[in-house]
Amino acid sequence: MSAANAPVSRLQPVLGLLSLPLRLRKLGGGPMIAAIVLIFIVIAAALAPLYIPHDPLAINAIYRLKGPSEMFPLGTDAFGRDLFSRVVMGGRVSLFIGVGAAVVSVSLGLAIGLVSGFFRVADSIIMRIMDSLMAIPSILLAIALVALNGPSLWSVIAAITLPEIPRVVRLVRSVVLTVREEPYVEAAVALGSSMPKILWQHLMPNTLAPLTVQGTYICASAILTEAILSFLGAGVSTEIPTWGNIMAEGRLYFQIKPSLIFWPGLMLSLCILSINLLGDTARDLLDPRLRKREA
């Protein structure tokens with residue numbers, strides 16, 4: 001590979017990410033519908049304090065288990081709280097947990113994976129630690145960490161993030177093991193470039209495409225895991241509305257008012273389905289083998 005082509009090779013993963021929105025338009029209605037649904041959910045959750053009709057924590061026994069009305073669009077729960085306000089604000093918290101877990105796990109996994117893939121001495125030690133973490137069922141590890149630290153928002157994010165880090169590390173390591181043998185990386189080492197510069201400029205850009213796809217899966221998995229933990233009573237404090245908490249409280253009244261589980265469950269399903277569909281689409285678009293077939 002010539003010196004002129006080396007910078008182009010390093011920029012290819014970045015250019016692929018930048019062209020992703022334009023290429024998404026060519027894939028038909030499915031990904032576009034998923035993108036529209038996800039954008040709607042995100043905007044609705046982000047702007048929730050500006051338009052929700054009631055305080056999602058306000059208890060009023062007079063209005064308990066009421067049906068949909070002009071005052072309460074989706075009715076009320078067993079404590080007289082507005083279900084619409086709680087579902088919208090619950091999406092705000094659930095999305096924060098999903099995005100937070102994805103960002104933290106991808107960031108830490110990227111840093112550890114770069115070191116593990118490039119430095120042979122550290123590789124065996126790091127991977128044995130990662131294998132040990134992966135041997136523990138993720139849901140059991142999350143329950144144990146939440147039980148140890150208490151049911152708080154940050155405890156749940158940490159409990160969801162820790163099992164995901166080894167998967168990101170293995171992904172980044174596999175990419176680095178391949179890329180570090182490229183001529184432009186060997187040339188940078190021979191020229192005496194510093195290790196941080198080699199990791200940041202030559203190796204890290206090649207991990208952006210697979211990490212983008214992995215990040216979407218982690219976000220969807222984190223939202224679902226939070227709902228499972230909350231449903232089991234081991235998640236976020238019940239004072240904080242999340243989709244999992246709302247369904248956990250509504251399961252006792254499911255026979256007389258199914259909407260207490262239906263609406264948060266519907267939003268949870270639509271959100272996870274949209275994220276996973278966009279993740280699959282990103283995987284197809286960023287796969288170099290598929291790009292060659294299209295060309």
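**Exercise 1. Place isoleucine 256 in the fold and state whether isoleucine 256 is buried or exposed.**

*Solution.* Step 1: isoleucine 256 lies in the loop that links helix H12 (243-250) to helix H13 (259-286). The model under study is a predicted one.
Step 2: the relative accessible area of isoleucine 256 is 63%. The cut-off for exposed is over 50%; isoleucine 256 is therefore exposed.
Step 3: a separation in sequence may be set beside a separation in space. Isoleucine 256 and leucine 65 are 191 residues apart along the chain, while their C-alpha atoms are 9.0 Å apart.

**Exercise 2. Determine how many helices and strands the chain has, and what share of its residues counts as buried.**

*Solution.* Step 1: the count is 14 helices and 0 strands. Read from the N terminus, the order of elements is α-α-α-α-α-α-α-α-α-α-α-α-α-α.
Step 2: the chain has 295 residues, of which 46% count as buried.
Step 3: take the contacts between residues at least 6 apart in sequence; 72% of them join residues at least 24 apart.

**Exercise 3. Compare the span of helix H3 with the expected value, and list the buried residues of H3.**

*Solution.* Step 1: helix H3 covers residues 29-46, which amounts to 18 residues.
Step 2: at 1.5 Å a residue the expected span is 26 Å, and the distance from the first C-alpha of H3 to the last is 25 Å, close to that expectation.
Step 3: the buried residues of H3 are Pro31, Ala34, Ala35, Leu38, Ile41, Ala44 and Ala45.

**Exercise 4. Describe the crossing of helices H7 and H8 and the residues that make the contact.**

*Solution.* Step 1: the axes of H7 (residues 138-149) and H8 (residues 153-179) come within 8 Å, and they cross at roughly 145°. The crossing of H7 and H8 is right-handed.
Step 2: H7 contributes Ser138, Leu141, Ala142, Leu145, Val146 and Asn149 to the contact, and H8 contributes Ser155, Val156, Ala158, Ala159, Leu162, Pro163 and Arg167.
Step 3: sorted by class, the contact of H7 with H8 comprises 9 nonpolar, 3 polar and 1 charged residues.

**Exercise 5. Identify which element has the lowest mean pLDDT and which the highest.**

*Solution.* Step 1: for the chain, the mean pLDDT is 82, and 86% of the residues reach 70 or more.
Step 2: among the elements, helix H1 (residues 5-18) has the lowest mean, 50, and helix H5 (residues 83-118) the highest, 91.
Step 3: over residues 1-9 pLDDT stays under 50, and the model has 6 contacts beyond four places in sequence for these residues.

How values were computed: Residues numbered from 1 in each chain as written. Predicted model: local features only at pLDDT ≥ 70, side-chain atom pairs only at ≥ 80, totals over all residues. Heavy atoms only, no water. Axes fitted to C-alpha atoms, helices over the stretch in contact; angles between N-to-C directions. Helix = DSSP H or I, 4+ residues; strand = E, 2+ residues; numbered from the N terminus. Left-handed = near helix turned anticlockwise from the far one by under 90°. Contact = heavy atoms within 4.5 Å. Nonpolar A, V, L, I, M, F, W, Y, C, P; charged D, E, K, R; others polar. Buried < 20%, exposed > 50% of the residue type's maximum accessible area, 1.4 Å probe, protein only. pLDDT = per-residue confidence, 0-100. Expected span 1.5 Å × (residues − 1).
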